[in-house]
Each structure stands twice: as structure tokens, then as C-alpha cells.
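Please look at the structure below and at the terms used to describe it. Each term has a cut-off, and each answer checks a value against one.

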Amino acid sequence: MSLSKPKYKKKLFNVHVDLIDILEIDTENQTVRVEPLVTMGQLTATLDPLGWTIPIVPELDDLTVGGLVMGTGVESSSHKYGLFQHICVSYELVLADGSVVTCSKDSDPDLFYAVPWSYGTLGFLTAAVIKIIPAKNPVNLSYVASDLSETFCNMLIEHSVRRLPGRPMYTLDEAVKLFEEESMKKGENDFVEGLMFSLNETVIMTGTMSDTCELDKLNEIGKWYKPWFFTHVRNFLKTGPGYEYVPLREYYHRHTRPLFWEIENIIPFGNNVIFRFLLGWMMPPKVSLLKVTETKAITDLYENNHIIQDLLVPVKSLKESIITFHKAVEVYPVWLCPFNLANDPGMVHPAADREQMYVDVGVYGVPKVPEGKTYHSVNTTREIEDFVEKVGGFQMLYADSYRTKEEFRKMFNHKLYDRLRQRLECNKAFPDVYDKVNKRARS
Ligand SMILES: Cc1cc2nc3c(=O)[nH]c(=O)nc-3n(C[C@H](O)[C@H](O)[C@H](O)COP(=O)(O)OP(=O)(O)OC[C@H]3O[C@@H](n4cnc5c(N)ncnc54)[C@H](O)[C@@H]3O)c2cc1C
Ligand SMILES: NC(=O)C1=CN([C@@H]2O[C@H](COP(=O)(O)OP(=O)(O)OC[C@H]3O[C@@H](n4cnc5c(N)ncnc54)[C@H](OP(=O)(O)O)[C@@H]3O)[C@@H](O)[C@H]2O)C=CC1
Ligand SMILES: CC(C)=CCC[C@@H](C)[C@H]1CC[C@H]2C3=C(CC[C@]12C)[C@@]1(C)CC[C@H](O)C[C@@H]1CC3
């Protein structure tokens with residue numbers, strides 16, 4: 001589920017295993033045991049009718065448990081539950097020597113904490129046990145629309161940012177503060193998410209699972225003829241704050257049909273009401289299909305004129321991050337998703353060495369460049385990466401990384417990883433993580 005082409009698959013020995021099943025739902029211990037090719041869409045379709053859910057459901061239906069464990073997963077409930085690895089209880093792995101082991105926090109903490117972000121370079125995942133929680137349906141979803149103060153916007157006149165008049169006003173500080181406050185209300189908010197439509201237009205959404213529903217406020221946003229979710233959210237900038245009830249599964253997969261907002265570049269007329277009614281049921285095209293049918297011209301276009309990055313920064317650096325990314329690429333909408341980062345060992349842990357609230361800033365789209373200038377994807381991405389590293393953040397590795405090996409090892413703590421690679425003699429069977437995720441190293 002990424003733009004990158006895993007060229008190593010042409011050189012390395014490929015293990016083809018169809019492990020696609022949900023193996024066991026244990027409601028007593030509140031866990032589900034699954035094979036790695038189980039997808040998020042498959043899990044919610046099975047668990048939700050039974051009144052259960054996994055606490056974090058990363059939004060795109062086709063994301064797999066294997067990919068999310070070995071990479072990472074984040075979602076609008078992550079402010080409560082953390083990243084995908086934080087809801088995992090144990091992993092069953094085939095190691096470099098061909099042995100099969102099961103590891104958990106208690107049985108082999110070193111291996112358990114080293115697996116996330118290792119991208120399959122410590123072992124091959126054959127099963128995972130994941131926590132489940134009781135689910136209530138639907139989600140009561142509130143939308144708060146904000147725009148930023150005159151003073152702040154005047155400061156940004158050099159970027160020709162325009163304020164739209166007549167809506168409630170917050171300073172950027174207030175908008176960020178509101179987002180941070182809502183993220184901290186772990187008991188009250190089951191879901192927190194923000195969509196920025198420009199530097200001065202943000203909609204912050206908070207949701208709770210509810211067992212009651214006002215029928216006139218029910219909105220089945222997942223139906224094929226409904227507008228793309230981000231365009232629906234954008235409307236709240238015009239209408240002002242509001243709330244509605246959304247069926248739980250449709251809420252979880254709200255960004256699937258428009259691939260966040262990337263579909264706009266692929267099928268520009270896809271949100272037209274006639275198209276939606278007649279052909280909306282065919283949407284979205286499979287990402288894997290788009291990838292296998294992609295021509296060199298399209299690959300180059302995405303590589304040179306597009307940015308897809310998820311930048312994970314401490315929430316206290318959110319304002320600075322927004323301004324930095326705006327200056328670098330001015331891409332909107334921007335996805336804001338808070339997540340709690342536990343102080344666990346492994347590749348990724350909080351800059352402050354204690355549990356800390358982070359935020360995923362998702363930047364997907366075509367960068368805006370001032371007239372007469374050209375966009376340099378490598379230079380710009382490297383500048384962004386430098387900033388993220390400076391504030392104690394991380395880059396999600398499904399996206400292209402331009403770090404050198406030394407820089408990469410600075411951003412991601414390799415202490416435990418190196419120890420495990422040595423202990424399990426991984427060199428004999430698996431490449432190093434940098435050689436799998438870094439664009440240049442990979443090709
Ligand atoms: C022909 C092909 C080409 C590919 N090319 C690339 C590529 O170029 N680059 C790349 O990165 N990846 C590629 N992939 C891999 C693909 O991206 C991954 O397999 C992805 O992680 C899973 O998505 P999927 O579309 O295969 O999922 P699906 O095929 O939808 O699901 C995965 C498995 O789960 C099963 N399943 C799905 N839903 C259910 C359900 N409700 N109940 C029971 N079983 C279910 C399916 O039968 C399938 O076996 C390719 C895969 C294929 C098949
Ligand atoms: N909301 C979210 O959190 C979102 C997350 N993502 C990202 O998407 C990726 C998941 O996509 P998905 O298509 O499911 O996964 P991929 O097929 O892209 O796999 C991701 C990585 O995990 C490795 N991997 C997958 N399965 C196994 C396994 N059984 N054992 C060992 N290694 C394995 C792959 O190794 P190999 O290359 O060798 O196959 C690859 O390096 C994650 O990286 C995630 O960060 C993307 C969009 C949204
Ligand atoms: C929420 C998080 C953490 C990430 C969301 C990222 C997605 C927006 C991207 C993940 C894979 C991307 C791909 C494309 C668009 C953006 C993503 C869905 C394409 C469909 C764009 C068109 C290309 O031809 C193929 C791409 C495949 C991957």
C-alpha cells in the first residue's frame with residue numbers, strides 16, 4: 001500500500017504463502033487471532049456484526065495485518081490506543097533459521113518490541129493475536145470548523161493566503177490548542193481527527209461510539225452514491241459546526257473510497273453526482289491494480305510532481321510543523337491524526353523518553369510552487385525530513401524516504417534492532433531494513 005516499487009522482489013527469493021484467514025475470536029480474553037493477509041475490511045466485516053472491533057482500524061480496507069505489524073498503522077482512535085503494534089498481544093514468526101516462535105511482551109520482549117517498523121527483516125509473520133474491544137454503533141461525530149486569525153494570516157501574506165470572511169475565528173494557536181485538548185480527552189473522545197483545507201480553514205472532528213441514534217441525523221457516508229468524505233467535511237466550513245451519526249464500519253472506512261483525496265487526481269469527475277449514482281459502486285480502483293497498470297510516465301509524474309508523506313511529530317510541534325510544510329509544499333487537504341506514543345523500546349519511541357502525544361501530519365497531493373520555480377522532490381522531501389528529525393519526529397516508511405543510512409539510523413533507534421539481527425542471524429536470510437525502505441538503496 002505505497003507508491004514505491006519493491007524492486008528487491010525481483011532479486012530476492014519470494015515466499016508465496018496465502019495466509020488469509022481469521023483463525024479465532026476469543027471474547028473471554030478479548031483477542032482475535034489472524035493470519036497476516038487478513039485485511040482491515042475483512043476484519044471489520046467479521047467483528048462489527050458480532051459487536052466487537054479491534055481498537056485501531058487503519059482506514060484503507062486493503063491494508064493487511066502483516067503490513068501494519070511490520071510497518072505501522074495509525075487511526076483516529078490512536079490518541080487512546082497508540083499505533084497498530086500497541087494493540088498486538090503476540091506474533092508468530094518464522095525466523096531466519098526456519099524455526100517458528102511466538103513472542104509477546106512477557107515471553108520474548110526483545111523480539112516483540114523489535115518487530116514493528118522492521119519491515120519483515122527479522123522474520124516472516126505467520127499469525128498475530130490482536131486485542132478486541134466491545135463496539136457500539138453508530139458513531140456520534142461532531143465537526144468543528146475553524147479558521148485562523150487576521151493577524152496570523154497577515155503574517156502569511158507573502159504566501160498569498162486568503163481569509164474567507166464571516167466565520168468563527170480562532171488563532172492558529174487556538175486551533176492547535178483545541179486539537180490538542182480534544183486529543184487528551186481519552187475518556188470522552190473515541191475518535192479525534194482534523195482536516196486542514198488551507199492554512200486558515202480546519203475542521204476538527206471528534207466522535208464517540210453510541211448505542212442510540214437520532215434517525216434524522218443518520219448519515220450513511222459509505223454508500224456508493226455519497227459524496228467523498230473529505231468534500232462532505234469541507235462543507236462544514238460553509239455551514240458551521242454540526243454533528244451526525246455515522247454507522248461504525250462506514251466511519252472506519254470513510255477515507256477508502258476517495259483514497260483520502262488522492263482519487264481526485266485519478267478520476268477527477270468521480271464526485272459528480274451522476275457518476276456516483278451510475279458507477280460509484282465501482283470505486284475505488286484497487287491500489288494494487290493501479291500499481292501494476294501504472295506506466296513509466298505516470299510513475300515519473302508521481303515521483304517528480306507529487307508528495308505522499310506521513311510525518312509523525314510531537315503534538316507540541318504541530319503549529320511549527322504546519323507552517324513548515326505549508327512553506328515547503330502548500331498541499332491541502334492535510335490530515336491531522338493524534339496518537340499516543342508509549343515509551344517502549346524499539347525503532348520508534350518518544351523524544352521525551354516518556355509517553356507522549358504525537359500527531360500524524362498526512363501530506364498527500366501536488367505541491368504548489370511559486371511561478372518561475374521548479375519543484376525538486378528530493379531536496380524538498382529532504383528538507384521536510386530534516387525538520388521532522390529535528391523536532392524528534394519520524395517519517396512513515398511506506399512513503400519514500402531520502403535519508404542517508406546514517407540519517408536514517410539517527411531518526412530510527414537501531415539499538416534493539418541491531419541486537420536482534422545479530423541474535424537471530426538475520427543476515428543469512430533477510431535484507432537490512434534500510435535496504436528495503438530507502439528509495440535509492442532499494443533500486
Ligand atoms: C496480481 C498482483 C499484483 C501485485 N502487485 C503488486 C505491486 O506491484 N506492488 C505491491 O506493492 N504489491 C503488489 N501486490 C500485493 C498487494 O498489494 C498485497 O497483496 C496487498 O497487501 C493486499 O491487497 P490485495 O488487494 O491483494 O487484497 P485482497 O486480494 O483483497 O485480499 C487479500 C486476501 O484476503 C482474501 N480476502 C479478502 N477479503 C476477504 C473476505 N472478506 N473474506 C475472506 N477472505 C478475504 C483474498 O481472497 C486474498 O487472498 C500484488 C498482488 C497481486 C495479487
Ligand atoms: N492508516 C494507516 O496507518 C496507513 C498505513 N499505511 C502503510 O501501509 C503499509 C501496509 O500496507 P500493506 O499493503 O498491508 O502491506 P505491504 O504489503 O505494503 O507490506 C509492508 C511491509 O511489511 C512487510 N510484510 C508484510 N507482510 C509480512 C509478513 N507476513 N511477514 C513479514 N513481513 C511482512 C512487507 O515485506 P515485503 O516487502 O518483503 O513483502 C513490507 O516491507 C504499512 O507500511 C503502513 O504503514 C498506508 C496507508 C494508511
Ligand atoms: C493515513 C496514512 C498513514 C496514509 C495514507 C496514504 C495514502 C493516501 C496513500 C497510500 C498508498 C498511496 C497510493 C496512491 C495514492 C495515495 C495512497 C493511497 C496511488 C493510488 C496513486 C496513483 C498511483 O498510480 C498508484 C498509487 C498507489 C499507492
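The questions below deal with salt bridges, exposure and the surroundings of two ligands.

This is a predicted model, in which local features need pLDDT of at least 70 and side-chain atom pairs count only at pLDDT 80 or more, while totals for chains, interfaces and linings use all residues. Residues are numbered from 1 along each chain as its sequence is written, chains are lettered from A and ligands numbered from 1 in the order in which they are written, and side-chain values use heavy atoms, without hydrogens and water.

Q: Why is the pair D62 and K286 called a salt bridge?
A: A salt bridge needs a side-chain nitrogen of Lys or Arg within 4 Å of a carboxyl oxygen of Asp or Glu. The N to O distance between D62 and K286 is 2.7 Å, so the pair qualifies. The two residues are 224 residues apart. The structure holds 23 salt bridges.

Q: What makes D190 buried?
A: Buried means under 20% relative accessible area, exposed over 50%, and partly exposed in between, with a 1.4 Å probe and protein chains only. D190 has 17%, so it counts as buried. Its salt-bridge partner is K80, with the closest N and O atoms 2.8 Å apart. K80 has a relative accessible area of 24% and is therefore partly exposed.

Q: How do you know that K296 is exposed?
A: Its relative accessibility is 62%, which is over 50%, so K296 counts as exposed. D300, at 29%, counts as partly exposed. The side chains of D300 and K296 meet in a salt bridge, 2.8 Å from N to O. They are four residues apart in helix α13, which means a separation of about one helical turn.

Q: What makes the contact between E294 and ligand 3 a polar contact?
A: A polar contact is a pair of N or O atoms within 3.5 Å; within protein, one must be able to donate a hydrogen and the other to accept it, and residues adjacent in sequence count only if both atoms are side-chain atoms. A polar side-chain atom of E294 lies 2.6 Å from an oxygen atom of ligand 3, so this pair fits. The protein buries 95% of the 610 Å² that ligand 3 exposes when taken alone.

Q: How do you know that K291 makes a polar contact with ligand 1?
A: A polar side-chain atom of K291 lies 3.1 Å from an oxygen atom of ligand 1, which is within 3.5 Å. The side chain of K286 also has an N or O atom 3.1 Å from an oxygen atom of ligand 1.

How values were computed. Areas by Shrake-Rupley, 256 points an atom, 1.4 Å probe, with all protein chains shown as cover.
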